[in-house]
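Biologist: Could you take me through one part of this model at close range? I would love to hear about the sheet and the nonpolar core that goes with it.

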Amino acid sequence: MEDQKTVYDRALERHQEFLRRQRSGKLLIRSEERSWEQNRQGLIKWYFQEGAEEDSVLRGWNVFVHRIRRQGGKHVHQGGTVIFVLQGRGYSIVDGKRVDWEAGDLIMLPIKPGGVEHQHFNLDPNQEVKWIAFSYRPFKEYLASTITQKENSPDYRE
């Protein structure tokens, strides 16, 4: 006999899975559990990304470390992302405006219609920049945010 579960029954099962994760999911993601990837934006290590957090107590976040040798890619997406600079010094061009930053600073991308065009640059060729970004995916999904890649990182090879 075919599965006779109702939509309501499946919703209850999803809720129970959510509660199970809250009780027994991973509380810690170790750096060595994630690998670096060179992509259009630069060299990135994803801690949270859709599909990468199935067993953790939280879901819905994008969290990643970004290492920038020269410059990251240029792209547009909705703001609401916060970036904490771990090492180095550089600047970002956010909607045409230059913002200089260094280790210990917090960069905030504004929330606005059409999103925010931005790109990040390293000012010291002898030390790479490293920062960590936090973005809550459901927020961007509710705002129907898209991502448009304008320019690839010079370190990216297709």
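Modeller: Happy to; here is the sheet, followed by the core. The model is predicted, so local features need pLDDT of at least 70 and side-chain atom pairs count only at pLDDT 80 or more, while totals for chains, interfaces and linings use all residues. Residues are numbered from 1 along each chain as its sequence is written, and side-chain values use heavy atoms, with hydrogens and water left out.

The sheet is open, with six strands in the order 1-2-3-10-5-8 and antiparallel pairing. Strands here are DSSP E runs of at least two residues, numbered from the N terminus, and two of them pair if DSSP finds at least two bridges between them. At the edges are strand 1 (36–39) and strand 8 (106–108), each pairing on one side only. Strand 5 (residues 82–87) runs antiparallel to strand 10 (residues 129–136) over five bridges, and Gln87 stands opposite Lys130 of strand 10.

Now the largest nonpolar core: it has 10 residues, including Ile44, Phe64, Val85 and Trp131. Such a core is a set of buried Ala, Val, Leu, Ile, Met, Phe, Trp, Tyr and Cys residues joined through side-chain atoms within 4.5 Å, where buried means under 20% relative accessible area (1.4 Å probe, protein chains only). Strand 3 (61–68), strand 5 and strand 10 each give two or more residues to this core, and strand 10 gives the most, with three. Leaving aside neighbours within four places in sequence, Ile44 is in contact (heavy atoms within 4.5 Å) with residues including Trp36, Phe64 and His66.

Technical notes. Helices (H or I, at least four residues) and strands (E, at least two) are DSSP runs, numbered from the N terminus. Buried means under 20% relative accessible area, exposed over 50%, partly exposed in between (1.4 Å probe, protein chains only).
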